[in-house]
Amino acid sequence: MTIIVFLIDTSASMNQRAYLGGRPTLLDVAKGAVETFVKVRQRSPESRGDRYMLLTFEDPPANIKAGWKENLATFMNELKNLQCVGMTTMGAALKHAFDVLNINRMQTGIDTYGQGRCPYFLEPSVIVVITDGGKLSNSAGVQEDFNLPMHSPIPGSELTREPFRWDQRLFSLVLRLSGTPALDRDVGLVPSDGSPIDAMCEVTGGRSYCITSHRMLMQCIDSLVQKVQSGVVINFEKIGPDPPPVTSEDATAVDNDSEGKGNDNESDKDYISSLSAGNSTAWHACRRLIYVPRSAQKGFAVGFWPIPESFWPDLSSSSLPPRSAHPNVKFTCTSQEPMVIENLPFDKYEMEPSPLTQFILARKQPTVCWQVFVANSYKNSEVGHPFGYLKASTNLTCVNLFVMPYNYPVLLPLLEELFKVHRLKPTSEWRTQFQNYLRTMPAYYAGALRRALTRMGAQGSLSQSLIPDTLDNSLSYSVLNYLKRLKNQAKMEFDRLCNEVGSKPPPLSSGSSGKSAGGSSAITEGVRVSPRSPLKKDLVSHPLLQDKFTSLREQLNEFGGFVVGLMRGHCQKGKQSYRNPFDIPRRCLLDQVVRMRANFLQPALSHTKLVDDDFAHSMPVSQMGNYQEYLKRMQPQLREIESAPVRQHMFGNPFKIDKRMMVDEADIDPVGGGSGTHGGTGGHRSGTKRNASQMDPSSPRPPSKRKPGPIPRHVVVRRPNSPSPPSSPL
């Protein structure tokens with residue numbers, strides 16, 4: 001499930017108008033951008049599991065217009081009712097948006113704190129902030145710095161240093177639309193915005209867009225839709241020396257393999273030489289996404305091996321150290337041979353294009369790999385052991401991250417020896433080597449390694465003896481209780497948040513806000529509660545009623561100036577029957593006169609119609625395309641008494657009932673007696689021979705039972721007796 005969160009700036013500065021068709025406000029432009037995004041996204045088959053959320057810059061919980069429980073129809077309705085009120089409290093609004101997403105992650109436990117990072121346990125989220133790029137402001141005044149308040153933590157927030165997670169990316173559409181005609185035409189590339197939100201977008205793996213025209217806005221929406229991908233963000237950092245330059249022999253060998261693919265070899269060599277000379281070091285450190293595709297059979301991501309934690313698990317520790325949102329993966333430029341053995345599962349993730357992928361692809365070495373590490377993942381070394389490698393694809397189109405078992409250069413030869421040499425009967429020497437490997441492996445890899453051995457063909461008893469269940473306990477008892485308590489607290493907080501969003505009062509229509517909102521002069525109907533009048537003296541002083549009314553008087557409360565709103569739909573307005581003509585509003589006079597005229601000359605009271613036919617079938621234009629709600633209210637159709645037969649084959653004769661009962665011209669022999677080719681079958685296609693009574697012309701011929709077919713039953717097919725052949729002189 002992909003979560004798409006729209007955080008709309010609803011500050012007063014969004015009321016400024018842009019030089020576009022109809023002179024819309026920036027808030028109207030933002031609403032149109034969201035609607036266009038949803039329409040373009042729904043063209044993709046991957047959008048079936050999307051969940052849309054709508055948040056604003058208001059104070060919680062009023063800022064959540066559409067949350068975890070609201071559907072797309074509620075999302076679109078709340079989007080239309082947004083209004084520009086308040087200030088630009090972007091920091092608090094963005095922090096609350098992250099909290100809404102993370103509270104669900106904590107109760108589901110997909111972060112697996114202390115047990116490795118699993119890329120296939122993800123909840124990909126895209127947060128799109130639409131703002132005008134104005135000054136940040138709050139009740140205290142104008143702010144110069146962009147800060148996220150961390151004083152209101154949610155359960156489990158102390159386990160991650162940053163407020164976001166590795167599968168949450170932030171994008172920003174900064175509307176720099178002027179109110180006057182633009183002097184300069186926009187270029188093809190959309191630049192990043194210089195506001196403080198750009199740095200926050202870069203940290204999460206996203207980016208900002210500085211939009212100066214409507215055409216550029218549509219271009220950015222198409223780019224955003226393409227960036228909605230399932231994956232996680234990882235920090236890649238180079239350690240050690242730079243790789244040696246590619247030799248001419250290697251380039252020649254690869255050029256021969258890739259001949260005819262249209263690669264520009266000279267430009268690639270120049271690119272490599274410029275990078276190796278130190279002219280560009282952008283590929284030394286990259287923060288990029290790795291794509292985690294969904295399984296076509298199961299519908300969700302499937303994987304096997306985790307990415308190790310940046311600390312060694314200790315059973316005596318009473319707490320977990322906080323982790324960074326993005327894992328810091330270090331790679332060395334030493335060329336290694338990619339290792340893999342038969343039936344050993346591994347995870348393969350494609351990397352997002354970056355300077356690192358360009359540098360690896362430009363070297364044109366698809367047969368070598370660079371190992372990857374996580375610092376402090378082993379207890380006795382800073383770098384730790386490798387858990388995978390980076391390798392270019394065979395056709396040099398992309399770079400893949402292969403995630404293998406921890407310290408795979410030691411494990412893979414041991415497993416190959418177990419299956420091919422020892423034939424699943426390990427010796428004591430091999431067991432000693434395997435136990436030495438297990439001491440270098442973090443304990444949270446034990447379950448995955450046991451499943452891998454079973455998948456490779458090892459029996460359950462063998463894998464259980466090699467990797468005992470005691471290795472699965474990588475966390476102390478106090479840490480497990482702490483994580484369980486956080487999970488329960490997150491579940492309670494999640495339910496409370498959903499109840500607050502669901503119990504909000506329905507927003508007033510845009511017409512009820514006066515001429516400033518939409519120019520409509522509709523009046524919100526309601527009943528004003530007036531102060532209670534004192535009870536009459538005779539009622540209170542009556543001996544039988546005095547106690548009763550005194551107790552009732554104590555239960556009454558004062559609501560000065562309180563107005564009770566009336567929720568009246570379009571069908572209920574037409575059913576109003578006024579006793580006093582002065583109660584009819586001025587805007588309803590003509591409709592009421594038409595209704596009175598239609599009912600004035602009716603012959604009886606039963607023919608009176610309080611609602612005319614036109615009004616009963618009228619519907620607002622905004623609801624005309626909502627067929628789903630109408631179909632839900634329809635009664636299910638009754639089944640037919642005799643269901644029509646369903647055609648099993650869409651070819652041949654449509655009137656044919658059974659394929660075994662065929663009638664065609666060859667079955668009906670108008671002449672009779674068969675020819676020599678039929679061998680005395682008498683025109684029948686079956687291979688059975690006739691008996692003597694059938695061959696004798698004088699014997700009475702029984703009527704043949706006709707096969708059912710397209711010929712009507714009252715038509716009798718008779719075959720004339722064929723004359724006997726003349727006797728030969730022999």
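This is a chat about two helix pairs and two cavities in a predicted model.

Student: Let's start with helices. At what angle do α1 and α2 cross?

Tutor: The axes of α1, residues 26-41, and α2, residues 72-80, cross at roughly 160° and come within 10 Å. That makes α1 roughly antiparallel to α2.

Student: Is the crossing left-handed or right-handed?

Tutor: α1 passes α2 in a left-handed crossing.

Student: Which residues in α1 and α2 meet?

Tutor: From α1 you have Lys 31, Val 34, Glu 35 and Val 38. They meet Leu 72, Phe 75, Met 76, Leu 79 and Lys 80 in α2. Sorted by class, that contact has 6 nonpolar and 3 charged residues, with no polar ones.

Student: OK, new topic. How many cavities of 30 Å³ or more does the structure hold?

Tutor: There are 6 of them. The largest has a volume of about 90 Å³.

Student: What lines the largest cavity?

Tutor: Its lining includes Ile 110, Asp 111, Thr 112 and Tyr 113, along with Arg 117, Cys 118 and Phe 121. Further along the chain, Thr 160, Arg 165, Trp 166, Arg 323 and Ala 325 also line the largest cavity. By class, that lining has 6 nonpolar, 4 charged and 2 polar residues.

Student: And how much space lies in the second largest cavity?

Tutor: About 80 Å³. The residues lining the second largest cavity are Ile 360, Arg 363, Gln 365, Val 368, Cys 369, Trp 370, Leu 390, Lys 391 and Ala 392.

Student: Which elements give two or more residues to that lining?

Tutor: Those are α8 (355-363), β13 (369-374) and β14 (388-392). β14 provides the largest share, 3 residues.

Student: What's the class mix in the lining of the second largest cavity?

Tutor: You get 6 nonpolar, 1 polar and 2 charged residues there.

Student: Back to helices. How do α9 and α10 pack?

Tutor: α9 covers residues 408-420 and α10 covers residues 428-440. They pack at an angle of about 155°, and their axes are 11 Å apart. The two helices are therefore roughly antiparallel to each other.

Student: Which way does α9 pass α10, left-handed or right-handed?

Tutor: It's a left-handed crossing.

Student: Which residues in α9 and α10 meet?

Tutor: In α9, look at Val 410, Leu 411, Leu 414, Glu 417 and Leu 418. In α10, their partners are Trp 430, Gln 433, Phe 434 and Tyr 437. By class, this contact of α9 with α10 has 7 nonpolar residues, 1 polar and 1 charged.

Methods. Residues are numbered from 1 along each chain as its sequence is written. This is a predicted model: local features need pLDDT of at least 70, side-chain atom pairs count only at pLDDT 80 or more; totals for chains, interfaces and linings use all residues. Side-chain values use heavy atoms; hydrogens and water are left out. Axes are lines fitted to C-alpha atoms, for helices over the stretch in contact, and angles run from 0 to 180 degrees between N-to-C directions. Helices (H or I, at least four residues) and strands (E, at least two) are DSSP runs, numbered from the N terminus. Angles under 35 degrees count as roughly parallel, over 145 as roughly antiparallel, 65 to 115 as roughly perpendicular and the rest as oblique. A crossing is left-handed if the near helix is turned anticlockwise from the far one by less than a right angle, and right-handed if clockwise. Contact means heavy atoms within 4.5 Å. Ala, Val, Leu, Ile, Met, Phe, Trp, Tyr, Cys and Pro count as nonpolar, Asp, Glu, Lys and Arg as charged, and the others, Gly among them, as polar. On a 1 Å grid over the protein atoms alone, a cavity is a set of points where a 1.4 Å probe fits but cannot get out, and a pocket is an open set with protein on both sides within 12 Å along at least five of seven lines; lining residues have an atom within 4 Å of a point. Grid points are joined across faces, edges and corners, and a volume is the space filled by probe spheres set on the points.
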